[in-house]
Amino acid sequence: MQEGSLEAHVAMPKKGSRLITVDGAVFRWRVRDKPTYCQGNGWTPLRFAVERAGDPGGGLVVSLPCARPDNWLGERAIAIRPVLVAGCVRRALAEGWNPERPGSPLPLTVAEDELAALLGEPPQYLVPFL
């Protein structure tokens, strides 16, 4: 898959993914194991994928307004916590995401000023090499 593109959804591998229950529904979420070249350089944002557990349909790809914690240049980053994943799932559902419907993943872009509301507190950024 090319950087920034979305393809037809393929079930997420169980290895490296985590389960989360949001409002009674069980989802699986995952961050890519290693950064792409663009993510490593901080040119593209930290992303994670979400799908319904058990019988996945269409997925969700969330882009955050910061770099991956393992970026190579020490760019500001954030750790993805379950509260953030749950907040993103709720927002996507409110915006019409149907995780049962097969198809391409829905892109969800989170802006800087939306992080605090999704986290329930101001974001705690990681600044490597300080």
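Let's start at Val-110. Val-110 sits in the loop between β6 and α3. This is a predicted model, so read everything that follows as computed. Is Val-110 buried or exposed? Buried, because its relative accessibility is 2%, and the cut-off for buried is under 20%.

What does Val-110 touch beyond four places in sequence? The list is Val-62, Ser-63, Leu-64, Pro-65, Cys-88, Arg-91, Leu-115 and Leu-118. Take Val-62 from that list. Val-110 and Val-62 are 48 residues apart in sequence, yet their C-alpha atoms are 7.2 Å apart in space.

Next, the core. In soluble globular proteins, nonpolar side chains tend to be buried together. Here the largest nonpolar core has 25 residues. Which members touch the most other members? Phe-48, Val-50, Val-62, Leu-64, Val-85 and Cys-88. Several elements give two or more residues to this core: strands β1 (18–22), β2 (25–30), β3 (47–52) and β4 (60–63), plus helices α2 (82–94) and α3 (115–119). The largest share comes from α2, with six residues.

Look at Phe-48 in detail. Set aside its neighbours within four places in sequence. Phe-48 then contacts Trp-29, Arg-30 and Val-31, among others. It also contacts Leu-60, Val-61, Val-62 and Leu-64. Ile-80, Val-85 and Cys-88 complete the list for Phe-48.

One residue of α2 before we move on. Pro-82 lies in that helix. Pro-82 counts as partly exposed, because its relative accessible area is 47%. From Pro-82 to Val-50 the C-alpha separation is 12 Å, with their positions 32 residues apart along the chain.

Now the charges. Side chains of opposite charge can pair when their charged atoms come close. How many salt bridges does a search of the whole structure find? Nine. I'll show three.

First example: Glu-100 with Arg-52, at 3.5 Å from N to O. This pair links distant parts of the chain. Glu-100 is in the loop between α2 and β6 (106–109), while Arg-52 is in strand β3, and they are 48 residues apart. Glu-100 is exposed, because its relative accessible area is 52%. There is also a network here: Arg-52, Asp-55 and Glu-100 are linked by salt bridges.

Second example: Glu-112 with Arg-76. Their closest N and O atoms are 2.9 Å apart. This is another link between distant parts of the chain, with the two positions 36 residues apart. Glu-112 is in the loop between β6 and α3. Arg-76 is in the loop between β4 and β5 (77–78). Both ends count as partly exposed: Glu-112 has a relative accessible area of 36%, and Arg-76 is at 33%.

Third example: Glu-95 with Arg-91, again as a side-chain pair, at 2.9 Å from N to O. Glu-95 counts as exposed, because its relative accessibility is 52%. Arg-91 has come up already, as one of the residues that Val-110 touches.

Now a charge without a partner. Arg-28 is in strand β2. Arg-28 is buried, yet has no salt bridge. Why does Glu-51 not count as its partner? Glu-51 is the nearest side chain of opposite charge, but it is 4.5 Å away, and a salt bridge needs the nitrogen within 4 Å of the oxygen, so the pair falls outside the cut-off. What does the Arg-28 side chain make a polar contact with? The side chain of Ser-17, at 3.0 Å. Beyond four places in sequence, the contacts of Arg-28 include Met-12, Pro-13, Lys-14, Ser-17, Arg-18 and Leu-19. They also include Ala-49, Val-50, Glu-51 and Ala-53.

On to the loop between β1 and β2. Asp-23 is in it. Phi of Asp-23 is near 50°, a positive value in a residue other than glycine. Asp-23 counts as exposed, because its relative accessibility is 62%. Gly-24 is in this loop too. Gly-24 counts as exposed as well, at 66%. Between Gly-24 and Pro-69 the C-alpha distance is 30 Å, and they are 45 residues apart in sequence.

Last item, confidence. The chain averages a pLDDT of 88, and 90% of the residues score at least 70. Where does pLDDT stay under 50? Over residues 1–8. For that stretch the model has 14 contacts beyond four places in sequence.

Conventions: Residues numbered from 1 in each chain as written. Predicted model: local features only at pLDDT ≥ 70, side-chain atom pairs only at ≥ 80, totals over all residues. Heavy atoms only, no water. Core = buried A, V, L, I, M, F, W, Y, C linked by side-chain atoms within 4.5 Å. Buried < 20%, exposed > 50% of the residue type's maximum accessible area, 1.4 Å probe, protein only. Helix = DSSP H or I, 4+ residues; strand = E, 2+ residues; numbered from the N terminus. Contact = heavy atoms within 4.5 Å. Lys, Arg positive; Asp, Glu negative; His and termini not counted. Polar contact = N/O pair within 3.5 Å; in protein donor to acceptor, adjacent residues only side chain to side chain. pLDDT = per-residue confidence, 0-100.
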